[in-house]
Amino acid sequence: MAQIKSEKKDIISNEKNRLRNVSYKSALRTAIKKVEQDAAKKDLAKAEADLKIALGFIDRSKGLGIQKENTVNRQKARAYAVVNKLKAELAAADKTEAKAK
């Protein structure tokens with residue numbers, strides 16, 4: 001246990017920051033999962049809207065120092081990949097429908 005007053009204050013502020021970071025990361029992961037769930041349901045409009053929200057969380061996490069740049073880039077790439085894959089699937093489905101007519 002810290003003996004010096006400033007060290008005691010540091011312990012308290014570090015714990016506050018840790019709790020804030022844990023909460024933020026949890027919200028960020030939830031936002032990413034929403035994008036994935038919307039893509040699984042084939043709801044492109046909702047997936048794109050949730051992607052925008054998730055990207056805001058991801059970018060802000062880097063600015064706040066919660067996550068490192070490579071982590072942020074990886075998460076963004078995965079989120080974009082999910083939405084782009086859904087777009088490609090829907091476009092392919094539209095083409096097959098058009099050919100069937």
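Helices here are DSSP runs of H or I, at least four residues each, numbered from the N terminus. With that in hand, let's walk through this predicted model, starting with α1.

Helix α1 covers residues 5-40. It has 36 residues and reaches 53 Å from its first C-alpha to its last, close to the 52 Å expected at 1.5 Å a residue. Some of its residues are tucked away: Tyr24, Leu28, Ala31, Ile32, Val35, Asp38 and Ala39 are buried in α1. And what sits over them? The cover for these buried residues includes α2 and α3.

The helix also has a salt bridge of its own. Arg18 pairs with Glu15, with the closest N and O atoms 2.8 Å apart. The two are three residues apart in helix α1, so about one helical turn separates them. As a general point, an α-helix has 3.6 residues a turn, so residues three or four places apart point the same way. Neither partner counts as buried or exposed in full: Arg18 is partly exposed, with a relative accessible area of 43%, and Glu15 is partly exposed too, at 36%.

Now step off the end of the helix. What is the phi of Lys42, which follows α1? Phi is positive there, near 65 degrees, and this is a residue other than glycine. Lys42 sits in the loop between α1 and α2, and at 46% relative accessibility it counts as partly exposed.

Lys42 has a salt-bridge partner as well, namely Glu89, and the closest N and O atoms of this pair are 2.8 Å apart. Glu89 lies in helix α3 while Lys42 is in the loop between α1 and α2 (44-63), so the pair ties together parts that are 47 residues apart in sequence. Glu89 is partly exposed, with a relative accessible area of 33%.

Helix α3 is involved in another link, this time to α2. The side chains of Lys87 and Glu48 meet in a salt bridge, at 3.2 Å from N to O. Since Lys87 lies in helix α3 and Glu48 in helix α2, the pair ties together parts that are 39 residues apart in sequence. Lys87 is partly exposed, with a relative accessible area of 37%, and Glu48 also counts as partly exposed, at 33% relative accessibility. If you're keeping a tally, a search of the whole structure finds four salt bridges, and those just described are among them.

That leaves the empty space. Rolling a probe the size of a water molecule over the atoms shows where such space is left. In this model, the largest pocket holds about 170 Å³. Which helices each supply at least two residues of its lining? They are α1 (5-40) and α3 (69-100). The full set lining the largest pocket is Arg29, Ile32, Lys33, Glu36, Arg74, Gln75, Arg78 and Ala79. By chemical class, the lining splits into five charged residues, two nonpolar and one polar. Ile32 ties this back to the start of the tour: it is one of the buried residues of α1, and it also lines the largest pocket.

Technical notes
Residues numbered from 1 in each chain as written. Predicted model: local features only at pLDDT ≥ 70, side-chain atom pairs only at ≥ 80, totals over all residues. Heavy atoms only, no water. 1 Å grid on protein atoms, 1.4 Å probe; cavity = no way out; pocket = protein on both sides within 12 Å on 5 of 7 lines; lining within 4 Å. Points joined across faces, edges and corners; volume = space filled by probe spheres on them. Nonpolar A, V, L, I, M, F, W, Y, C, P; charged D, E, K, R; others polar. Buried < 20%, exposed > 50% of the residue type's maximum accessible area, 1.4 Å probe, protein only. Expected span 1.5 Å × (residues − 1). Contact = heavy atoms within 4.5 Å.
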